[in-house]
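Here are my notes from a first pass through this one, in numbered points. Have the structure open while you read.

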Amino acid sequence: MSNVIAHKIYLVAAIFLVFCAVCFSGCINENNTTAHADEKVYEWMDSEMTNVVTDEIFTLRELTQGTPTVVHIFATWCPACNAQLGESTAFLESYPGKAHIVSVDIDSSETPAMIADLVANRGYDGIFAVAERPVVQGLMDLFGQEIMMSIPQTIIISGDNLAYLGPGVIRSADIASRIDAIYQQLGK
């Protein structure tokens with residue numbers, strides 16, 4: 001009998017967590033406030049990460065040299081994060097080669113295999129990695145703990161410049177307009 005009660009408690013807790021994730025994730029981000037960091041050296045961008053789909057090792061610094069990179073902070077269980085991954089895939093399909101999309105999973109209980117399964121099952125495109133500790137710490141140092149508490153979060157990096165777009169789902173067209181603005185600033 002105690003197993004039945006325990007299962008009911010776990011079920012209620014899981015439903016509550018999903019409810020919180022949906023309610024506090026920002027769902028749709030209507031206010032895309034941009035914040036730029038003043039410091040130009042970000043050691044965390046040199047942390048090696050592994051693309052869970054291809055097993056290729058990369059750093060954010062390498063990716064961002066010459067090509068804008070959109071970084072999403074997500075978890076596989078987050079409904080708004082899945083909506084964001086769908087929007088990012090749509091962007092990559094509509095604007096091939098214009099930017100990298102890197103989705104960094106911050107849930108320490110999720111494995112690379114779990115992320116790769118999500119990507120394969122949903123047909124998402126981009127680069128997917130597990131958050132490495134230096135990356136998490138670097139982002140929290142720049143943007144505060146809140147960046148890890150309300151997901152999805154989006155940052156665009158171009159060279160050493162960061163634009164923090166905030167929590168919530170950023171639509172494909174909004175990503176495209178931000179990337180176009182970067183290319184205009186670069187004179188490309």
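1. Start with Arg61, which is buried at 18% relative accessible area. The cut-off for buried is under 20%, so Arg61 falls on the buried side of the line. Keep in mind throughout that this is a predicted model. The partner of Arg61 is Asp46: the two form a salt bridge, with 2.7 Å between the closest N and O atoms. Because Asp46 sits in the loop between α1 (2-24) and β1 (49-50) while Arg61 belongs to helix α2 (residues 60-64), the pair ties together parts 15 residues apart in sequence. Asp46, for its part, is partly exposed, at 43% relative accessibility.

2. How many salt bridges are there? The count is three. Another one joins the side chains of Glu87 and Arg171, at 3.9 Å from N to O. Glu87 is in helix α3 (residues 79-94) and Arg171 is in the loop between β7 (161-167) and α6 (172-186), so this pair ties together parts that are 84 residues apart in sequence. Arg171 is partly exposed, with a relative accessible area of 41%.

3. Then there's Lys98 with Asp180, whose side chains meet in a salt bridge at 4.0 Å, N to O. This pair also links distant parts of the chain: Lys98 is in the loop between α3 and β4 (100-105), Asp180 is in helix α6, and 82 residues separate them. Both ends are partly exposed, Lys98 at 28% relative accessibility and Asp180 at 31%.

4. While you're looking at α3, check Ser88, which lies in that helix. Buried or exposed? Ser88 counts as buried, at 1% relative accessibility. Setting aside neighbours within four places in sequence, Ser88 is in contact with His72, Ile101 and Ile175.

5. Now the sheet. Five strands make an open sheet with mixed pairing, in the order β5-β4-β3-β6-β7. At the edges are β5 (127-130) and β7, each with a single partner strand, so one side of each has no neighbour in the sheet. On average, neighbouring strands are turned by 20 degrees against each other, direction ignored.

6. Strand β3 deserves a closer look. Six of its six residues are buried, so β3 is largely enclosed by the rest of the structure. In a regular strand, side chains alternate between the two faces of the sheet. Here both faces are covered, with Thr69, Val71 and Ile73 buried on one side and Val70, His72 and Phe74 buried on the other.

7. Which strands does β3 pair with, and which way do they run? With β6 (residues 153-158), β3 (residues 69-74) shares five bridges and runs antiparallel; the bridge partner of His72 in β6 is Thr154. With β4, β3 shares six bridges and runs parallel; there, Val71 has Val102 as its bridge partner. Put α3 between those two parallel strands and you get a right-handed β-α-β unit of β3, α3 and β4.

8. Two more helices meet the sheet. Helix α4 (residues 112-122) lies across β3, β4 and β5, at about 155 degrees to β5. Helix α5 (residues 133-143) packs on the sheet as well, touching β3, β6 and β7, with its direction at about 85 degrees to that of β7. The buried residues of α5 are Val135, Val136, Gly138, Leu139, Met140 and Phe143, and they pack against β1, β3, β6 and β7. Right after the helix comes Gly144, with a positive phi near 90 degrees.

9. Last, the nonpolar cores. The largest has 39 residues, and those with the most contacts inside it are Trp44, Leu60, Leu139, Ile147 and Ile155. Helix α5 gives the most to this core, with five residues. Try displaying the surroundings of Trp44: beyond four places in sequence, Trp44 touches Leu60, Pro134, Val135, Gly138, Leu139, Leu142, Ile157 and Leu162. A second, separate core has 14 residues, including Phe91, Ile175, Ile179 and Ile182. Ile175 is also one of the residues in contact with Ser88.

Technical notes:
Residues are numbered from 1 along each chain as its sequence is written. This is a predicted model: local features need pLDDT of at least 70, side-chain atom pairs count only at pLDDT 80 or more; totals for chains, interfaces and linings use all residues. Side-chain values use heavy atoms; hydrogens and water are left out. Helices (H or I, at least four residues) and strands (E, at least two) are DSSP runs, numbered from the N terminus. Buried means under 20% relative accessible area, exposed over 50%, partly exposed in between (1.4 Å probe, protein chains only). Contact means heavy atoms within 4.5 Å. Two strands pair if DSSP finds at least two bridges between them. Axes are lines fitted to C-alpha atoms, for helices over the stretch in contact, and angles run from 0 to 180 degrees between N-to-C directions. A nonpolar core is a set of buried Ala, Val, Leu, Ile, Met, Phe, Trp, Tyr and Cys residues joined through side-chain atoms within 4.5 Å. A crossover is right-handed if, with the strands pointing away from the viewer, the path from the first strand over the helix to the second runs clockwise.
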